[in-house]
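Work through the exercises below with the sequence and the coordinates open. Each task is followed by a solution in steps.

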Amino acid sequence: ENKREYVQLICEHKMTTSVQKQIDAFLEGFHELVPPRLISLFDDKELELLISGLPEIDIDDLRRNTDYHNYTEATPQVQWFWRVLSEFSKEQKAWFLQFVTGTSQVPLEGF
């Protein structure tokens with residue numbers, strides 16, 4: 001009956017309440033370096049790029065590890081897509097990766 005609420009509360013406890021001291025200590029140190037008013041100018045995606053920098057994105061690796069559904073690598077639209085993506089700047093590739101995966105960082109072992 002109240003499983004959803006129970007799971008929500010357990011997750012909240014494990015991810016925040018149980019480590020609140022560590023979170024507070026991290027934020028205190030972080031805010032010594034960067035005042036909160038400056039951080040609030042950025043959303044989470046922009047902040048990730050600022051902290052981590054622009055990754056090296058291997059488009060050939062991404063291409064080799066792409067699964068196609070109702071298309072093939074030879075489909076004209078797919079060819080256009082890869083041609084355009086290969087012409088992206090480093091920043092545009094990072095924004096693309098952020099859009100399709102939720103993070104601007106390349107997986108540890110590649111795609």
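**Exercise 1.** Decide whether Ser-40 is buried or exposed, and state where Ser-40 sits and what its side chain meets.

Solution. The model is a predicted one.
- Step 1: the relative accessible area of Ser-40 is 57%. The cut-off for exposed is over 50%, so Ser-40 is exposed.
- Step 2: Ser-40 belongs to the loop that joins helix H3 (36–39) and H4.
- Step 3: a polar atom of the Ser-40 side chain lies 2.9 Å from the backbone oxygen of Arg-37.
- Step 4: between the C-alpha atoms of Ser-40 and Tyr-71 there are 42 Å, with the two residues 31 apart along the chain.

**Exercise 2.** Describe the start of helix H4 and the residue just after H4.

Solution.
- Step 1: H4 covers residues 44–52.
- Step 2: at the start of H4, a side-chain oxygen of Asp-43 comes to within 2.8 Å of the backbone nitrogen of Glu-46.
- Step 3: just after H4 comes Gly-53, with a positive phi of about 80°.

**Exercise 3.** Which sign does the phi of Asn-70 have, and where is Asn-70 found?

Solution.
- Step 1: most residues other than glycine have a negative phi.
- Step 2: Asn-70 is not a glycine, yet its phi is positive, at about 70°.
- Step 3: the loop between helix H5 (59–64) and helix H6 (76–86) holds Asn-70.
- Step 4: the relative accessibility of Asn-70 is 80%, and Asn-70 therefore counts as exposed.

**Exercise 4.** Place Glu-1 and classify its accessibility.

Solution.
- Step 1: Glu-1 lies in the segment before helix H1 (3–15).
- Step 2: with 100% relative accessibility, Glu-1 counts as exposed.
- Step 3: Glu-1 and Thr-103 are 102 residues apart along the chain, and their C-alpha atoms are separated by 35 Å.

**Exercise 5.** How many helices and strands does the protein have, and is the protein a compact globule or more spread out?

Solution.
- Step 1: there are seven helices and zero strands, which gives the order α-α-α-α-α-α-α from the N terminus on.
- Step 2: for 111 residues the globule rule gives 13 Å, and the radius of gyration of 20 Å is well over that, so the protein is more spread out than a compact globule.
- Step 3: the C-alpha trace spans about 55 × 45 × 25 Å along its principal axes.
- Step 4: of the 111 residues, 16% are buried.
- Step 5: among contacts with a separation of 6 or more, 52% come from residues 24 or more positions apart.

**Exercise 6.** Characterise the surface and the charges of the protein.

Solution.
- Step 1: the exposed area is about 9,100 Å², with 56% of it supplied by carbon and sulfur atoms.
- Step 2: the protein has 11 positive and 19 negative side chains.
- Step 3: the centres of these two sets lie 3 Å apart.

Technical notes
Residues numbered from 1 in each chain as written. Heavy atoms only, no water. Helix = DSSP H or I, 4+ residues; strand = E, 2+ residues; numbered from the N terminus. Rg over C-alpha atoms; globule rule 2.2 N^0.38 Å. Buried < 20%, exposed > 50% of the residue type's maximum accessible area, 1.4 Å probe, protein only. Contact = heavy atoms within 4.5 Å. Areas by Shrake-Rupley, 256 points an atom, 1.4 Å probe, with all protein chains shown as cover. Lys, Arg positive; Asp, Glu negative; His and termini not counted. Charge placed at Lys NZ, Arg CZ, Asp CG, Glu CD. Polar contact = N/O pair within 3.5 Å; in protein donor to acceptor, adjacent residues only side chain to side chain.
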